[in-house]
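Please open the structure in your viewer and keep the sequence panel beside it. The stops below say what to select and what is there.

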Amino acid sequence: MQKFISVLLVVFGSFTLLTAQTISSPSDFLGYDIGTQFSRNHQIIDYFKTVKKQVPNQIKLKKYGTTNERRDLYLAFISSEENIKNLETIRENNLKNTGLLEGESSGNDIAIVWLSYNVHGNEASSSEAAMQTLYELLTEKQDLLKNTVVIIDPSVNPDGRDRYVNWYNETKNELYDTDPQASEHNEPWPGGRPNHYLFDLNRDWVWATQVETQQRIDVYNQWMPHVHVDFHEQGINEPYYFAPAAEPFHDIITDWQRDFQTEIGKNHAKYFDAEGWLFFTRERFDLFYPSYGDTYPTFMGAMGMTYEQAGHGMAGLGILNDEGHILTLVDRLTHHTTTGLSTVEMASKHAKQLHTEFAKFFNNSDLKYKSYVLKGNQDKLNSLKALLSKHQITFENPTTSKVSGINYSTGNQGTLNVDGKAVVVHSDQPKGKMVKALFEPNAKLSDSLTYDITAWSLPYAYGLEAVASTTKIPSAKLLGRAALQTLSDAYGYVSKWDSMDDAQFLAELLKHDFKVRFTEKPFTSNNTKFERGSLIITKGDNKHIPKFLETLNTIAQEQAQPLTEIYSGFSQITPDIGSPDIKLVNKQKVAILSGEGTRSLSYGEIWHFFEQQLHYPLTSINTDDFGSTNLNRYNVLILPNGNYRKVFNDSNMTKLKDWVRAGGKVIAVDGALRSFAAKDGFSLNYKTSDDADEKKDNLTAYADREREYSNNLITGAIFNAKVDNTHPMAFGYDDNYFTLKLGSSAYSLLDSGYNVAYLNNTKVFSGFAGKDAVKNLDQTLVFGEERMGSGSFIYMVDNTLFRSFWENGKLFLVNSIFMVNNNAYEL
């Protein structure tokens, strides 16, 4: 028997050696030792394709999408030959195990591990590690693949990666410079971290605003892995972070998920200890906000984890850190390869238990709220349903007329009258825990010191009335959308104005050179009352449009936009269509500042909004060129969140004011307001806390200072703002608006100008806000307009485009562009 085992060992050893000789190592393929150069995205994908050709029975490649810059997105499925043959059966059995797919599972216990690399483009060591991990799995670690399928996404963000790598490769010295002040360690704006539209893809998992995310989560939900790891990098002086995560944990996370990530962390520690590598756990990176690459999988039942290696875009190929250690790319990719393989090892060892506990996660019978019922604007309901469909979360219509529960408008117990158009989302579906995370009125927070925002509840984000019920609400399958009637000949046609669908319709009309009017006062015509902001397209205004009615009908049908016909300019209740209170919409020429001084994420949000949502042209002007820019070519200038201290010197500020006085509009977002607060000629002013509170803070013990400071913080909390919906900036809104406040900056109400939205009740509806910060918010500005000459400065204290998920705020920006101070000149 002993002799037989020895023979088997020799045979297995020979097989491993033969396999290693068959498969090209990354260094052999690249033509340089891995880690001595940064590899471009196409080289990484080509390496995976080469390995696929060399061992076709153990790896399957799937192209799952394409980026904005036309780079392909790939997944690699790696396992034993037997498992690759049965890959579809393994996938289906896993879904059947959760109830996501009907039928009985055939009972295999194959662990599914998904490893995601380079979601932040300038955290570039991880894609190098992806190649090395693939090689080692198929050579030295073959035994782990007998009961494990490993899915590798080698580059989640190839556009960002290549932006970083191309810059670094063209910038670095032949022998890389370890001096942190060297140019190769200091990326120019906007850096390689974000994708094409400068979005942070690691915070987009739930909102799925970006094409990379949309394509990835489609495949993710087809597989629902048991383990998901997101590989990152952090500052050069912080060695390595791995699970277990920090508090707060969202309360849907199970004890098993908590415990097993600790066991995985201990396994990593074993390998790091053997090499004397430094690491830390249970700090900074919590599991609360649902849209991360660790939390989204966790809320979908997986072991979701973030691994953070020291480095980031600053590190390059090698850098001298503050402790006198030279951190190299070789170090960084080696550490990531080690934790990746250790993760697969733990999944393989515990495959059966992973299956058992994964199935348990999808039992949602103990959730407090059984149904979430929402009603309101149909366009907003449709947008919400589209989001839920992306995540394969089901919804229906209520079959009752009244529901009771926690009313989101008040935060208290109440009732809601509903009809068949309302939406019901039940929590007793397989993804019920994700439903809870997205819909619950106020998520339980075990620790106020968090890594991200603490409020995102979808009824607030979409501007919908809602009730969370502890009893299951009777419901049935949703009704289909009614077909639109073909337009007939009339004096004019009126469109409602209360959603982004309406804004997109306006943009499409302007693109086709239609003349469109909007009303500043309610009017009644054809026995229908039309509210402020309603769009009016008259036959008389549009004689220049060939086949006017046919073209309008086509656009309305394509946009699914209902229009009401009116047969006279004489209104039943004034104003009449020719009234000065009904104005033409200017075909605005809009510019935005970009480059140094602007926050790239804020710029990207606006850029993406114009190109992918509003579908309206936008001109970007670099801040370095502002002094020489002819502003008279534009009607509107948007200032994203940023620090414009160097941009708006005395000369440029005078130039900006003169342009506004002549009829221009400036829209300042978030931090851009600091350029005007407490400055000559502006009524915008800061509101600050009492000096006594600041002195008290200075007496706080050093060890307690961070936690004490949280009293002054707002980490993404929801407040109810009072709205003057007679002002054009608020057309289409009710007299209150739930705003997502991202920080504690506060501005007093405008002495001269219009306080369009403001806080006069600082109750926190959802999320964390420190007591001192909340006290300081009373009677502060949310949105406002200040006239200067013929033009306007528009202040948006809260960023309505933050990560592009706060759907209910977007119309404020559109109104600011097209309807506020419409006396401004048209080019």
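The tour goes from the whole chain to two sheets, then to single residues, a helix and charged pairs.

**Before starting**

This is a predicted model, in which local features need pLDDT of at least 70, side-chain atom pairs count only at pLDDT 80 or more, and totals for chains, interfaces and linings use all residues. Residues are numbered from 1 along each chain as its sequence is written, and side-chain values use heavy atoms, with hydrogens and water left out.

**Stop 1: the whole chain**

Show the full C-alpha trace, which spans about 105 × 60 × 60 Å along its principal axes. For 827 residues, a compact globule would have a radius of gyration near 28 Å, and the 29 Å of the protein chain agrees. That radius is taken over C-alpha atoms, and the globule rule is 2.2 Å times the number of residues to the power 0.38.

Colour by secondary structure to see 24 helices and 34 strands. Helices (H or I, at least four residues) and strands (E, at least two) are DSSP runs, numbered from the N terminus. Of the 827 residues, 59% count as buried; buried means under 20% relative accessible area, exposed over 50%, and partly exposed in between, with a 1.4 Å probe and protein chains only. Contact means heavy atoms within 4.5 Å. Among contacts between residues at least 6 apart in sequence, 78% join residues at least 24 apart.

**Stop 2: the seven-stranded sheet**

Select the open sheet with the strand order E1-E2-E4-E3-E5-E9-E6, where the pairing is mixed. Strand E1 (59-66) and strand E6 (240-241) are at the edges with a single partner strand each, so one side of each has no neighbour in the sheet. Two strands pair if DSSP finds at least two bridges between them.

Zoom in on E6 and strand E9 (residues 303-310), which pair in the antiparallel sense over two bridges. Tyr240 has Gln309 in E9 as its bridge partner. Then add helix H9 (residues 255-275), which lies across E6 and E9 and runs at about 35 degrees to E9. Axes here are lines fitted to C-alpha atoms, for helices over the stretch in contact, and angles run from 0 to 180 degrees between N-to-C directions.

**Stop 3: Asp153**

Stay in this sheet and select Asp153, which is in strand E4 (residues 148-153). Which side chain of opposite charge is nearest to Asp153? It is Arg216, 5.4 Å away; Asp153 is buried yet has no salt bridge. A salt bridge is a side-chain nitrogen of Lys or Arg within 4 Å of a carboxyl oxygen of Asp or Glu. For charge, Lys and Arg count as positive and Asp and Glu as negative, while His and the chain ends are not counted. Leaving out residues up to four places away in sequence, Asp153 touches several residues, among them Tyr64, Trp114, Tyr117 and Arg216.

**Stop 4: the five-stranded sheet**

Move to the open antiparallel sheet with the order E24-E19-E23-E20-E25. Its twist averages 30 degrees from one strand to the next. Strand E20 (residues 517-519) and E25 pair over three bridges, and Arg517 has Leu584 in E25 as its bridge partner. Helix H17 (residues 500-511) packs on this sheet, touching strand E19 (492-495) and strand E23 (535-538).

**Stop 5: Tyr292 and helix H24**

Select Tyr292, in the loop between strand E8 (286-287) and helix H10 (295-299). Is Tyr292 buried or exposed? At 5% relative accessibility, Tyr292 counts as buried. Residues up to four places away aside, Tyr292 touches Asn202, Arg203, Trp205, Pro297, Tyr451 and Asp452.

Next, select helix H24 (residues 810-818), where nine of nine residues are buried.

**Stop 6: salt bridges**

The count comes to 35 salt bridges. Select Arg193 and Glu123, a pair with its closest N and O atoms 3.3 Å apart. Arg193 lies in the loop between helix H7 (158-171) and helix H8 (211-223) and Glu123 in the loop between strand E3 (111-117) and helix H6 (125-137), so the pair ties together parts that are 70 residues apart in sequence. Arg193 is partly exposed at 25% relative accessibility, whereas Glu123 is buried at 2%.

Widen the selection to the salt-bridge network that links Glu123, Arg193, Asp200, Arg203, Asp452 and Arg803.

Finish at Arg284 and Glu238, a salt bridge with its closest N and O atoms 2.8 Å apart.
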